[in-house]
Amino acid sequence: MEKLGIEPSLLLAQIVNFAIIVVVLTKLLYKPVLGMLEKRKKEIEEGLAITERMRAEAEKLGGRREKLIAEARSEARVILEDAKKQGHDAEREIVANAQKEAAEIIEKAKREAAATHEALSGDIRAEAINLAATMAKRLVAGILSPADQHKLIAKHLVDLGKAKGV
Amino acid sequence: MPHISLAAEIVTRLAGLPISNALITTWLVMGILIILSYLSTRSMTMVPGRIQSVAEMLVGGLYDFFGTVTGTYVNDVFPLVASLFLFILAANWVGLLPGVGTVGFFHGEEFTPLLRGATADLNTTVALALFAMIAIQYYGFKTSGMHYGKRFFNVGNPIYFFLGILELVSELSKVISFAFRLFGNIFAGEVLLAVMAFLMPFVVPLPFLTMELFVGFIQALVFSMLTAVFLTVAVSHGKEVHHNG
């Protein structure tokens with residue numbers, strides 16, 4: 001033992017030294033460092049849990065937003081369809097009114113044309129009668145007395161009027 | 001010739017107690033470990049600085065590493081095995097520093113180095129081995145109470161009785177193997193370096209120095225790892241005995 005250098009007092013001193021090292025390192029190094037690692041681990045876990053919760057919430061909100069957008073789109077489509085339908089209806093109504101008005105205007109124009117035609121026909125007929133009467137008066141002036149002329153003319157005019165339906 | 005001595009040299013005596021150069025180096029190593037521990041943890045923050053990062057990486061890495069061996073008992077045994085690793089590593093590496101083993105004084109013809117690698121002294125390695133073995137038995141008894149003693153003293157069956165004796169011898173031999181493995185490796189390394197430095201002082205010792213750094217790390221790992229394994233075996237045995245009644 002002596003040759004190997006083992007001496008009880010030195011052996012005991014080294015055991016005490018190592019015991020001191022174990023105690024001091026536990027207090028100064030292991031506990032603070034492991035405590036800090038544990039604390040950081042917990043904080044990271046909490047952070048991850050919060051992130052996960054936020055993500056889930058964001059997903060939920062995103063879903064709701066998508067739903068709202070879809071609803072809004074659907075409503076917009078319905079409104080657009082209604083507007084188109086109303087537009088078509090209004091267009092049809094306007095066209096129908098315009099056609100009706102045009103038909104009325106045409107009808108009125110036709111009526112006025114017919115009335116004008118009638119009036120002109122009457123005038124022409126009267127003029128023709130007058131002309132015929134003048135011609136007849138000149139032709140028969142030498143043959144008949146004025147009274148007979150008048151009777152004859154009157155009789156022809158009446159016949160003429162009957163023949164023409166006046 | 002370089003100075004080579006199997007036993008640590010007594011530098012002085014304090015109140016009648018011998019103070020060896022290995023003991024002085026042990027105090028130096030203790031001082032380094034305590035100061036570094038203090039500096040790395042004095043102002044810890046959630047966002048770590050450089051020293052704190054290194055401390056966290058080292059302690060966290062050791063905790064995970066020993067956790068794979070000791071399982072659920074890691075919290076109980078971690079201070080012991082981590083201290084073994086850090087102390088032996090620091091002692092091995094401090095022993096390689098320039099001045100250790102070369103700076104000293106003469107007693108007539110005899111040279112006495114002021115510092116000597118702490119683990120190149122059997123007092124240190126035997127002390128560490130004894131500490132580890134006592135701790136192993138303590139955890140064994142702590143886990144299963146007096147049932148753990150049946151591992152060594154079981155008179156119920158002649159086979160178990162002889163097995164108990166074998167277990168006892170095995171436990172005692174662990175102290176010797178622990179102590180001499182560490183001492184032998186580190187002392188041999190120091191002798192090798194001293195001889196190489198004596199024969200070829202420049203450049204040539206460098207590869208050997210690098211190898212000794214590696215050996216120092218491996219020996220620290222082996223010592224602490226084996227302690228962790230024996231601790232786990234003791235605790236598991238105690239648990240098994242406890243369950244079997």
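**Exercise 1. In this predicted model, find which element gives the largest share of the lining of the largest pocket, and say what the lining is made of.**

Solution.
- Start with the share itself: α5(B) comes out on top, with 6 residues of the lining.
- Next, look at the pocket as a whole. Its volume is about 700 Å³, and 30 residues line it.
- Now go to the middle. V100(B), T102(B), E190(B), L193(B) and A194(B) are the lining residues nearest the centre.
- Which elements give two or more residues? In chain B they are β4 (110-113), α5 (158-199) and α6 (205-244).
- Finish with the chemistry: the lining splits into 20 nonpolar, 7 polar and 3 charged residues.

**Exercise 2. Work out where the second largest pocket sits and how many charged residues its lining has.**

Solution.
- Volume comes in at about 430 Å³ for this one.
- Count the lining: 15 residues, with L33(B), L36(B), V54(B), L58(B) and L86(B) nearest the centre.
- Place them on the chain. Helices α1 (21-41), α2 (50-70) and α3 (74-94) of chain B each bring at least two residues to the lining.
- Sort by class, and you get 13 nonpolar residues, 2 polar ones and no charged ones.

**Exercise 3. Take helix α1(B): compare its reach with the expected value, then list its buried residues.**

Solution.
- The helix has 21 residues, and from first C-alpha to last it covers 30 Å.
- At 1.5 Å a residue you'd expect 30 Å, so the helix is close to that expectation.
- For burial, the cut-off is under 20% relative accessible area.
- The residues of α1(B) that pass are N21(B), A22(B), L23(B), T25(B), T26(B), V29(B), M30(B), L33(B), S37(B), S40(B) and T41(B).
- Keep helix geometry in mind as you read that list: with 3.6 residues a turn, positions three or four places apart point the same way.
- One link back to the pockets: L33(B) is on the buried list, and L33(B) is also among the residues nearest the centre of the second largest pocket.

**Exercise 4. Do the same span check for α4(B), and find what phi does just after it.**

Solution.
- Helix α4 of chain B runs over residues 122-144, which makes 23 residues.
- Its end-to-end C-alpha reach is 33 Å, close to the expected 33 Å at 1.5 Å a residue.
- Step past the end of the helix and you meet G145(B), with a positive phi of about 70°.
- Carry on into the loop between α4 and α5 of chain B, and there's G156(B).
- Is G156(B) buried or exposed? Its relative accessibility is 70%, so G156(B) counts as exposed.
- For a sense of distance, take A90(B), 66 residues from G156(B) along the chain: their C-alpha atoms are 47 Å apart.

**Exercise 5. Find where A15(B) and V203(B) sit and what their phi values are.**

Solution.
- First, the background: most residues other than glycine have a negative phi.
- A15(B) has a positive phi, near 55°. This alanine is in the loop between β1 (10-14) and β2 (17-20) of chain B.
- V203(B) is positive too, with phi near 65°, and belongs to the loop between α5 and α6 of chain B.
- Then check accessibility against the cut-off of over 50%. A15(B) is at 83%, so A15(B) is exposed. V203(B) is at 64%, so V203(B) is exposed as well.

**Exercise 6. Describe the contact between chain B and chain A.**

Solution.
- Count residues on each side: 45 from chain B and 31 from chain A.
- Then turn to area. The two chains bury about 3,400 Å² between them, with 78% of it on carbon and sulfur atoms.
- Which residues of chain B lose the most area to chain A? They are M46(B), N123(B) and F131(B), together 20% of what the chain B side buries.

**Exercise 7. Summarise the build of chain B.**

Solution.
- Tally the elements: 6 helices and 4 strands.
- Read their order from the N terminus: β-β-α-α-α-β-β-α-α-α.
- Box the C-alpha atoms along the principal axes, and you get roughly 65 × 50 × 40 Å.
- Of the 245 residues in chain B, 45% are buried.
- Last, take contacts between residues at least 6 apart in sequence: 67% of them join residues at least 24 apart.

Technical notes. Residues are numbered from 1 along each chain as its sequence is written. Chains are lettered from A and ligands numbered from 1 in the order in which they are written. This is a predicted model: local features need pLDDT of at least 70, side-chain atom pairs count only at pLDDT 80 or more; totals for chains, interfaces and linings use all residues. Side-chain values use heavy atoms; hydrogens and water are left out. On a 1 Å grid over the protein atoms alone, a cavity is a set of points where a 1.4 Å probe fits but cannot get out, and a pocket is an open set with protein on both sides within 12 Å along at least five of seven lines; lining residues have an atom within 4 Å of a point. Grid points are joined across faces, edges and corners, and a volume is the space filled by probe spheres set on the points. Ala, Val, Leu, Ile, Met, Phe, Trp, Tyr, Cys and Pro count as nonpolar, Asp, Glu, Lys and Arg as charged, and the others, Gly among them, as polar. Buried means under 20% relative accessible area, exposed over 50%, partly exposed in between (1.4 Å probe, protein chains only). Contact means heavy atoms within 4.5 Å. Buried area is the accessible area (1.4 Å probe) that two parts lose on being put together, summed over both.
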